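User: I am new to this structure and would like a close look at one part of its interior. Please take me through the packing there, step by step.

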Amino acid sequence: MSLVLFSGSRSSKTFKPKKNIPEGSHQYELLKHAEATLGSGNLRAAVMLPEGEDLNEWIAVNTVDFFNQINMLYGTITEYEYHWADGTNIKKPIKCSAPKYIDYLMTWVQDQLDDETLFPSKIGVPFPKNFMSVAKTILKRLFRVYAHIYHQHFDSEFNLIDRRELAPLQDLIEKLGSKDR
């Protein structure tokens, strides 16, 4: 797994690998387990904590992977308005376009993932007591980007999803879409 550095506001909209988890490491093995179970078509098995594994380590590996997946999809976003606040540098939400919002978000997530006190990279280093709360906030915000990409862009720009395929999610799509406007 490589952690991708989002560099949208840092001069270009390119994505650069920041670091690779070496093959054979425990985190690498967890990622491979997640990829293998995802490919099985059994979503429950894909997200289930492997027997004997640390819950925080499992959540950390999957959070980094989800961040990387969202980061790669980011390039398709244009022309929508959002409100961003990180609670630290920007306390009062500011209006911004979808690309700027996602720039703020991905930079903020990258900072969280790089913080060794939140996401320790060494096995055996304890996770903070607030780890699950931090991970939930990160995943909630990343999911907004994922939902936005599929709702606002893939159907109209690429015709990748037939409307009939979206029918089971129509209520959710409408709710997510109404918050974008």
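Analyst: What follows is a walk around one helix and the interior beside it. The model is predicted.

Start with helix H4, which runs over 98–114. How many of its 17 residues are buried? The count is 13, so H4 is mostly covered; buried here means under 20% relative accessible area. Its length also fits a simple check. At 1.5 Å a residue, the 17 residues of H4 should span 24 Å, and because the end C-alpha atoms are 24 Å apart, the two values agree.

Take one residue of this helix. Glutamine 112 lies in H4. Is Glutamine 112 buried or exposed? Its relative accessible area is 15%, so Glutamine 112 is buried. Leaving out residues up to four places away in sequence, Glutamine 112 touches Leu118, Phe119, Val134 and Ile138.

Now the largest nonpolar core. This core has 26 residues. Trp84, Tyr101, Leu105, Val109, Phe119, Ile138 and Leu142 touch the most other members. Two or more residues come from each of helix H3 (55–73), strand S3 (81–84), H4 and H5. Which element gives the largest share? That is H4, with 8 residues.

Tryptophan 84 deserves its own look. Again leaving out residues up to four places away in sequence, Tryptophan 84 touches Ile90, Lys92, Pro93, Ile94, Cys96, Tyr101, Tyr104, Leu105, Trp108 and Arg141. Elsewhere there is a second, separate core of 5 residues. Leu31, Ala34, Trp58 and Val61 are among them.

Next, the empty space. A probe the size of a water molecule, rolled over the atoms, shows where such space is left. Here the count comes to 1 cavity of 30 Å³ or more. The largest cavity holds about 30 Å³ of space. What lines the largest cavity? The lining is Tyr82, Tyr101, Ile102, Arg144, Val145 and His148. By class, that makes 4 nonpolar, 1 polar and 1 charged residues. Helix H4 and helix H5 (131–158) each supply at least two residues of this lining. H5 gives the most, with 3 residues.

Tyr101 ties the parts together. Tyr101 touches Tryptophan 84. Tyr101 is listed among the core residues that touch the most other members. Tyr101 also lines the largest cavity. H4, in turn, gives the largest share of the core and at least two residues to the cavity lining.

Definitions and conventions
Residues numbered from 1 in each chain as written. Predicted model: local features only at pLDDT ≥ 70, side-chain atom pairs only at ≥ 80, totals over all residues. Heavy atoms only, no water. 1 Å grid on protein atoms, 1.4 Å probe; cavity = no way out; pocket = protein on both sides within 12 Å on 5 of 7 lines; lining within 4 Å. Points joined across faces, edges and corners; volume = space filled by probe spheres on them. Helix = DSSP H or I, 4+ residues; strand = E, 2+ residues; numbered from the N terminus. Nonpolar A, V, L, I, M, F, W, Y, C, P; charged D, E, K, R; others polar. Core = buried A, V, L, I, M, F, W, Y, C linked by side-chain atoms within 4.5 Å. Buried < 20%, exposed > 50% of the residue type's maximum accessible area, 1.4 Å probe, protein only. Contact = heavy atoms within 4.5 Å. Expected span 1.5 Å × (residues − 1).
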